[in-house]
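Reader: Could you take me through one part of this structure closely? I would like to hear about the salt bridges, and then a little about the packing.

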Amino acid sequence: MHLLGLAAVVGAAALFGLIGPALHAAGDLGLGPLAVPLARAVGATAVTALIALHLRPRCLLSPFRAPRVGFLSGFFGVFGIYAATNYGMLHVPLALAVTLFYTAPLWVLLLGHLWGKEPFSTRAAVAAAIALVGIRISLGVSDGAERHWLGMAAMVAGGISYAAHILLGRYGPAATDPLGSYLATFFWGSVILLPLALATGELPALLRAPSRAWLPLGYLIVGPTLGSYGLLLFALRHIEGRVASILSMTEIAFAAFWGFVFLDQRPALSVWIGAATIVVAVVILTRPTRASRPPTASNSE
């Protein structure tokens, strides 16, 4: 089962890594950075509600039991992640985009410390410094080439939103009601995105989208939105969270591979070096402390 857990994480990373080409395909068909996240959120809400109806009908009321937490979870977990990364991946090479997104563990540390939930140690400070070096390396040496700074900022914003979503999930209702929290996140994300998409004209564009647009949209709903998280939940039943968090960073390699296959993108060497540096930082950050390690013959007393 341990190997199945590892395989599940790699499978989830492969599905996540294909987000970029799917977003590009939807964008080429006229769907903007709000229409696509709205389709993902509404589709995921419908599927999750059907699952809840079959397994735990009382979960259908979860979005209204703690609306403030649900709203925040929807804001960060759907609007902050989906809309920001949708924009970023359309304007930044995929390998670099995902590398910037995977600064999320460091934002978890910082936001958790500010919230008073996560300790900040010397090891954490070292990891943060290494990660910052990795980000700088990933951006490459300035050569006069034009960079889409807003797109890169959007990917970092997506990482910050993911960190906030993780903390809400860890210390909010998701700790005791994951299915209900999942439904609340998608529901409130849909509520947030709907008026924005309507005001910007992206909702009519989504409703008028050609039938072939629903192939990438369907993948985004079933694959990275529902399938990947399902695989991660399965994996976490069989492997440690720190192992899953490190292994999930193989998404960077998958993003580079799919970007090359579908979009003819070739990441610069600096992106690979920077990504490896960030992986080192996350490994340092997620190593178990002495107190969390299982007792051995020398310290069992």
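Author: Happily; here are the salt bridges, followed by the nonpolar cores. This is a predicted model, in which local features need pLDDT of at least 70 and side-chain atom pairs count only at pLDDT 80 or more, while totals for chains, interfaces and linings use all residues. Residues are numbered from 1 along each chain as its sequence is written, and side-chain values use heavy atoms, with hydrogens and water left out.

Searching the whole structure turns up two salt bridges (a side-chain nitrogen of Lys or Arg within 4 Å of a carboxyl oxygen of Asp or Glu). One of them pairs Arg-56 with Asp-177, at 3.3 Å from N to O. Arg-56 sits in the loop between α3 (35-55) and α4 (62-65), and Asp-177 in the loop between α9 (149-171) and α10 (178-199), so the bridge ties together parts 121 residues apart in sequence. Helices here are DSSP runs (H or I, at least four residues), numbered from the N terminus.

How accessible are the partners? Arg-56 is partly exposed at 26% relative accessibility, whereas Asp-177 is buried at 15%. Buried means under 20% relative accessible area, exposed over 50%, and partly exposed in between (1.4 Å probe, protein chains only).

Asp-264 and Arg-266 also form a salt bridge, with their closest N and O atoms 2.5 Å apart. Arg-266 is exposed at 59%, and Asp-264 is partly exposed at 49%.

As for packing, the largest nonpolar core (buried Ala, Val, Leu, Ile, Met, Phe, Trp, Tyr and Cys residues joined through side-chain atoms within 4.5 Å) has 58 residues, and Leu-31 is among those that touch the most other members.

Technical notes. Helix = DSSP H or I, 4+ residues; strand = E, 2+ residues; numbered from the N terminus.
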